[in-house]
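Student: Could you take me closely through the salt bridges here, with the residues that make them and where those residues sit? I would like one connected account rather than a list.

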Amino acid sequence: MAQRILDPEYLTAYRDELVARLNFVTELTGKLQPGNELGAEPGFGLLDSSQAARQQYAQAHRDTWDNLQKLRADLYGAIVTLNESMGLSTDAEELNIVELDATGSDL
């Protein structure tokens with residue numbers, strides 16, 4: 001049976017990467033707010049086809065917004081889970097040390 005080892009340094013590095021990605025997605029969603037760089041609708045003109053283009057753009061903007069919000073929630077959830085895992089790992093390791101010391105270290 002394979003032994004499973006939890007590497008707290010790896011988890012910390014992975015969590016830090018997820019935090020960086022969450023910060024990037026948060027920055028990007030800020031740019032999608034009305035009035036910001038990506039929150040302004042481009043000019044589509046007055047042709048009949050421009051109305052369809054405007055609707056397609058609005059739908060794509062909404063879909064992008066929704067997907068980024070879902071991604072933010074997923075990243076946040078993963079960060080919380082990693083934080084909890086690292087806390088449980090630390091607690092378990094401390095308990096192992098206490099129990100090992102209690103046995104007299106006869107191993």
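Tutor: What follows goes through salt bridges one pair at a time and ends with a histidine. The model is a predicted one, in which local features need pLDDT of at least 70 and side-chain atom pairs count only at pLDDT 80 or more, while totals for chains, interfaces and linings use all residues. Residues are numbered from 1 along each chain as its sequence is written, and side-chain values use heavy atoms, with hydrogens and water left out.

Side chains of opposite charge can pair when their charged atoms come close. The structure holds four salt bridges, a salt bridge being a side-chain nitrogen of Lys or Arg within 4 Å of a carboxyl oxygen of Asp or Glu. In one of them, the side chains of Arg 21 and Glu 17 meet at 2.8 Å, N to O. These two residues are four apart in helix α1 (residues 8–31), so about one helical turn separates them; helices are DSSP runs of H or I with at least four residues, numbered from the N terminus. Arg 21 is partly exposed at 46% relative accessible area, and Glu 17 is likewise partly exposed, at 37%, where partly exposed lies between buried (under 20%) and exposed (over 50%), using a 1.4 Å probe and protein chains only.

Helix α1 also carries the pair of Glu 27 and Lys 31, which are four residues apart and therefore separated by about one helical turn. Their closest N and O atoms are 3.8 Å apart in this salt bridge. Glu 27 has a relative accessible area of 47% and is partly exposed, as is Lys 31 at 29%.

A further salt bridge joins the side chains of Arg 54 and Glu 41, at 2.7 Å from N to O. Because Arg 54 lies in helix α2 and Glu 41 in the loop between α1 and α2, this pair ties together parts that are 13 residues apart in sequence. Arg 54 counts as partly exposed at 25% relative accessibility, and Glu 41 is partly exposed at 43%.

Helix α2, which spans residues 48–102, also contains His 61, a partly exposed residue with a relative accessible area of 23%. Leaving aside residues up to four places away in sequence, His 61 touches Leu 32, Leu 38 and Gly 39, contact meaning heavy atoms within 4.5 Å. Of these, Leu 38 is 23 residues from His 61 in sequence and 9.1 Å from it in space, C-alpha to C-alpha.
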